[in-house]
Amino acid sequence: MLYSTPEQLRFPPIPGYTVRADFEGGALSSDFGALLLRGIDRQIGLTARLAAAVRDKRHPSYIDHALRDLFAQRIYQIALGYADGNDANSLRHDPLLKLSVERPPLDPDQALASAPTFSRLEHSVDRKDLYRLTQALVDHFIASYPEPPAAIVLDLDHSDDPTHGQQEFAFYNHYYKSYCYLPLFIFEGTSHALVAAYLRPGTRPTGAENAMILVRLLAYLRHHWPRTHILVRGDSHFATPEVIDVIAHRRLTDFVFGLAGNAVLLRQAAPVMQDARGLHQQRTALAQAHGARPPASSRVYEEFSYAAASWSQPWRVIVKAEVMAAGDNPRFVVTSLEAPT
């Protein structure tokens, strides 16, 4: 038989209340995770940092909900799976969500913010607020390190955020086949921590736009960490002359980007592709002779110097010459990193 010993879970109190978890009934909620989010938020101070980045334009006489409480409520709701702002109309009375924002859980006169309140807040945020919010995320990332790291990896990637209705700057993106925004997310590649997020229209970004963002981010990080080596990684649409030049002219900064294949690259990769085909044929024949399953693929790696017409100089290109059952699958990356000695 299995035995268990009941143990109460205790949480940080709010003024006038102690908070513990048990199963004796009473006022119930399915959103227990809100208290866990509150505990984490108390430790890292994320919602307070974000709220401080937005200028509160409301008249003090008409404020029922502090800006930090609005950020906490909205972020907790999204984390719990309630992405629609209209969900606030019912969740504003949820006892656990109220506890997480440090409101009395059973007082009907202490409800949280409603959907119209969030709508007014989101429409009041301007470009300067968005810039400060992004900077607050970077500050939060920097503060997570007790001392400057020896090296960090910045992983860049755009991701679609589908939109509904006539939302400003929502455009049809053929790659994702939907109307969307296409924000840029930057994560640290070893810790997977969020570094920054940039809200932008649903159109494909240009090299100049990506370069402008990187100029500011790299300068800000370098100001705080002057001796940290920074490696920037991204897909092939980041391998533009504007982005490469921004990184190449900075000390202790390197890049690794995917590189779309073209006729010149395929010609230079032809010998190593031939080697990969020969290797795949040998491995397949060996597997058949021993009654084993043939290999799914065979790979050979090689490198050479290459310069696109728009680049200011040649760079090191590594090719993965891969042969699969379906045929050749060559892949390229371009980097400023030197070959190991």
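In what sense do strand 4 and strand 6 pair, and over how many bridges? They pair in the antiparallel sense, over two bridges. Strand 6 covers residues 178-181. One contact point to look at is Pro 162, whose bridge partner in strand 6 is Cys 180. Before I go on: this is a predicted model.

Let me widen the view. Strands 4 and 6 belong to an open sheet of three strands. The order is 4-6-5, with antiparallel pairing. The edges are strand 4, residues 161-162, and strand 5. Each edge strand pairs on one side only.

Now strand 5 itself. It runs over residues 171-173, and Asn 173 lies in it. Is Asn 173 buried or exposed? Asn 173 is buried, because its relative accessible area is 8%, and the cut-off for buried is under 20%. What does Asn 173 touch, leaving out residues up to four places away in sequence? The list is Ser 178, Cys 180, Leu 182, Gly 202, Thr 203 and Arg 204. So Cys 180 comes up twice: as the bridge partner of Pro 162 and as a contact of Asn 173. Take Gly 202 as well. Gly 202 is 29 residues from Asn 173 along the chain, yet their C-alpha atoms are separated by 6.2 Å.

Next, the parallel pairings. Strand 3, residues 151-158, pairs with strand 9, residues 229-234. That pairing is parallel, over five bridges. Ala 151 stands opposite His 229 there. Strand 9 is also joined to strand 10, residues 253-259, by five bridges, and these two run parallel. In that pair, Leu 231 faces Asp 254 as its opposite number.

On to the core. In soluble globular proteins, nonpolar side chains tend to be buried together. Here, the largest nonpolar core has 45 residues. Leu 154, Leu 221, Val 232, Phe 257, Leu 259 and Val 334 have the most contacts inside it. Helix 8, residues 207-224, supplies the largest share of this core, six residues. Look at Leu 221. Beyond four places in sequence, Leu 221 touches Val 138, Phe 141, Ile 142, Ile 152, Leu 154 and Ile 230. There is also a second, separate core of 14 residues, including Leu 50, Ala 51, Ala 53 and Val 54.

Last, the surface. Leu 9, Phe 32 and Leu 36 form a nonpolar patch there. Together they have about 250 Å² of accessible area. Leu 36 lies in helix 1, residues 33-44. Leu 36 is partly exposed, because its relative accessible area is 43%, between the 20% and 50% cut-offs.

Note on methods. Residues are numbered from 1 along each chain as its sequence is written. This is a predicted model: local features need pLDDT of at least 70, side-chain atom pairs count only at pLDDT 80 or more; totals for chains, interfaces and linings use all residues. Side-chain values use heavy atoms; hydrogens and water are left out. Helices (H or I, at least four residues) and strands (E, at least two) are DSSP runs, numbered from the N terminus. Buried means under 20% relative accessible area, exposed over 50%, partly exposed in between (1.4 Å probe, protein chains only). Contact means heavy atoms within 4.5 Å. A nonpolar core is a set of buried Ala, Val, Leu, Ile, Met, Phe, Trp, Tyr and Cys residues joined through side-chain atoms within 4.5 Å. Two strands pair if DSSP finds at least two bridges between them. Patches are made of residues with over 30% relative accessible area and no salt bridge: like charges are joined within 9 Å, nonpolar side chains (Val, Leu, Ile, Met, Phe, Trp, Tyr) within 5 Å. Accessible areas come from the Shrake-Rupley method with a 1.4 Å probe; for residues, only the protein chains shown count as cover. A salt bridge is a side-chain nitrogen of Lys or Arg within 4 Å of a carboxyl oxygen of Asp or Glu.
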